[in-house]
Structures are given as C-alpha cells and as structure tokens.
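Colleague: Got a minute to go through this one with me? I'd like to talk about how its parts meet.

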Amino acid sequence: MLIRTLGAMLAGLSLTLGSAAVAADAAADFPSRPLRLLVGSPPGASTDTYARIIAEPLSKVLGQNVVVENRTGASGIVATSAMLNSAADGYTLQFVYTSYTLAPSLYKDLPYDANKDVAGVSMVVTSPLTLVVGASSTLSSIDDLARLSRKRSLNYGSAGVGSGGHLTAEMLRLAAHMPAVHVPYRGAAPAAAAVAAGDVDFAFVAQVTARELMQAGKLRPIAITSTRRTPMLPEVPTMQELGIKDYEFFNWFGVVAPAKTPPAILEKIARGIAQVLKNPDVRARLTSDGSEVVGNTPAEFNRFLLADIKKSGELVRQIGIKQE
C-alpha cells in the first residue's frame with residue numbers, strides 16, 4: 001500500500017513538473033505571432049488612447065505586433081466576452097478601465113464571472129476626470145449647476161452605465177442635492193462631443209478625451225476629481241476646493257487576460273509592460289494629462305481587481321446606480 005501510495009505521489013509530482021516545464025517552454029517561445037489588445041471604447045476615448053500609447057513600444061519589446069482592436073458596447077462587456085471566447089494563450093488581451101469592476105454589480109446576467117474568468121496582467125495608469133460644460137454654456141461653477149437644477153432637470157452624458165463619468169456625476173448629484181438625468185453614450189468621446197454640441201448640460205470625462213475639444217474652444221472645464229490640481233489644467237480647481245467634501249475619484253486602466261492563460265506568459269507580458277512604462281517618451285505621453293503611471297505584477301493587479309469588484313459593489317448600492 002505504501003509503495004503504491006508513494007508511486008502515485010511521484011507520478012503526480014512528475015505530472016506537475018511536466019506541466020510546469022510545458023508552460024515554461026510555451027512562455028519561452030511566446031510570442032510567435034501578433035497579439036490582439038481589445039478595447040471596449042471607440043477611437044478617441046481615453047481607454048483607446050492609453051492602449052495605443054503602449055501598444056507600439058510593447059510590440060518592439062515583445063518582438064511581435066500588438067494590434068489594438070475596438071470592440072465597443074455595454075461598458076466593455078462586449079470586448080471582455082470576445083477576449084474570453086478566444087484561446088487563453090496570451091495572444092488576446094483586453095485593455096480595461098474602471099467600468100470593468102463595476103459591471104458585476106450592474107449586470108445580473110454577465111456572460112462571465114469577473115472573479116474567476118479574468119486574470120490581471122498589469123495596471124498601467126490612473127487618471128482623474130474633468131467636469132466639463134459647453135464653451136457657450138452660461139454655467140461656470142457647481143453652484144451654477146445647482147441653481148439651474150432648481151429651475152429644470154439637468155442632464156449629463158457619460159461613456160455608459162457604470163463608467164467613471166456615470167459614477168462621478170452621480171456622486172456630484174447626491175452631494176449637491178441636484179436632480180440630473182443620465183444620458184449614456186457609446187464612449188467618452190461621444191459624450192464629450194454631446195456636451196460641446198449642447199445636447200447635454202455637462203459630463204465628467206478624462207482630460208485626454210476632452211483635450212482636443214477644449215483646445216478648439218468647444219468645451220470649458222469647471223473642476224477635476226483628484227485631490228490635487230493637475231499640471232495640464234493648473235488653473236482648474238478640484239471638486240473639494242469647490243466645496244464638495246471628501247470628493248475624489250480616479251479612473252484606472254490596465255491589461256487583463258483570460259484566467260487560464262499560463263502564469264509564465266502573464267508574467268512575460270507584465271515585464272514587457274513594465275519595460276515600456278520606463279520609457280521617458282511613453283511616460284511623458286501617459287502623464288501629459290495629469291495621469292500617473294503605475295505598472296505592477298499580475299498578482300498585484302489581480303488582488304486590486306478582486307478588491308475593487310467588492311468595493312464597487314458597495315458603492316453602487318450606496319448611490320443607487322442601476323442598469324439602464
């Protein structure tokens with residue numbers, strides 16, 4: 001009996017070592033063809049912009065092209081589903097942001113389990129949002145918004161239910177006690193354009209998304225959601241400076257993969273991203289809008305994702321965001 005048990009243990013150990021060796025060999029040969037980096041936002045959105053900033057230098061580091069593909073819809077769920085329908089071999093990744101960890105609380109019938117089916121690779125950057133109004137708008141402060149809301153219901157645009165723009169606007173709505181109707185768009189860029197056109201009263205968007213419209217004189221910033229003013233808009237006050245106590249919000253952006261992707265491959269991609277983020281030109285482009293570069297390990301990012309899914313669920317219940 002003891003001999004048979006020992007034999008079974010040795011056989012199991014051999015199998016484990018063999019699997020580890022196969023995984024190591026797979027990582028050594030990886031990548032041998034182009035990678036796809038799926039983005040759940042349209043071109044011009046902050047998620048798309050950040051993804052494209054790292055894609056080209058990452059291609060050089062990995063020795064294979066990293067091709068950005070836009071798969072828009074349902075706050076990134078369409079892109080996540082497409083990634084998970086691909087082989088878990090490291091060749092199909094997704095560039096996700098804040099809405100990813102909000103989705104499990106907003107959608108009861110997600111086609112995947114965010115806690116089990118997806119693995120973190122690396123967080124890339126964090127970024128505050130900017131409260132913007134149209135350049136021709138008479139609104140110039142949060143007090144103006146509050147006063148107008150007493151005359152008529154305001155409306156605001158966002159990249160969709162559960163997006164950072166949705167969440168920050170709801171936080172303002174509750175803090176300022178002002179009625180406001182949510183108008184979701186298929187991405188932050190269309191939401192910003194809607195503000196510029198006067199279709200909605202305001203929106204919270206990333207500075208990188210609003211930059212072109214602000215430079216063209218079509219959008220005017222009122223406040224930022226960080227606790228410190230940003231280098232890009234040093235004259236724009238924070239929400240806290242304007243009297244919204246304890247108001248702080250950052251969008252985060254990072255790369256994920258199917259959970260069954262070999263850990264050695266995830267580590268190799270993460271090391272590649274870390275190398276890219278050390279490039280001075282890349283860092284300058286990522287931080288030009290006041291964002292902060294992160295870069296961490298798969299284990300660290302995965303712990304963050306799991307914790308943020310839980311935290312986001314509590315926040316969704318607190319402010320009453322519902323699927324629309």
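What follows is a short chat about the two domains and the contact between them.

Colleague: Which stretches make up domain 1 in the assignment?

Modeller: Bear in mind that this is a predicted model. The domain assignment gives 128–242 to domain 2. Domain 1 comes in two pieces, 35–127 + 251–319.

Colleague: How many residues does domain 2 bring to the contact?

Modeller: The domain centres, taken over C-alpha atoms, are 25 Å apart. On the domain 1 side, 23 residues take part in the contact. From domain 2 the number is 26 residues.

Colleague: Which three residues supply 28% of the area that domain 1 buries against domain 2?

Modeller: The two domains bury about 1800 Å² between them, with 59% of that on carbon and sulfur atoms. No other three residues of domain 1 supply more of its share than this trio: S127, D289 and I319.

Colleague: Which side chains meet in a salt bridge?

Modeller: Between the domains there are 4 residue pairs in polar contact, counting residues at pLDDT 80 or more. The salt bridge count there is 1. A nitrogen and an oxygen sit 3.3 Å apart in a salt bridge, and a bridge counts within 4 Å, so this pair qualifies: R228 and E292.

Colleague: And how many charged residues are on the side of domain 1 that touches domain 2?

Modeller: Helices α2 (46–62), α4 (99–106) and α11 (298–319) each supply at least two residues of that side. By class, the side has 10 nonpolar and 11 polar residues. The charged ones number 2.

Definitions and conventions:
Residues numbered from 1 in each chain as written. Predicted model: local features only at pLDDT ≥ 70, side-chain atom pairs only at ≥ 80, totals over all residues. Heavy atoms only, no water. Domains from an automatic or database assignment. Contact = heavy atoms within 4.5 Å. Buried area = accessible area lost by both parts, 1.4 Å probe. Polar contact = N/O pair within 3.5 Å; in protein donor to acceptor, adjacent residues only side chain to side chain. Helix = DSSP H or I, 4+ residues; strand = E, 2+ residues; numbered from the N terminus. Nonpolar A, V, L, I, M, F, W, Y, C, P; charged D, E, K, R; others polar.
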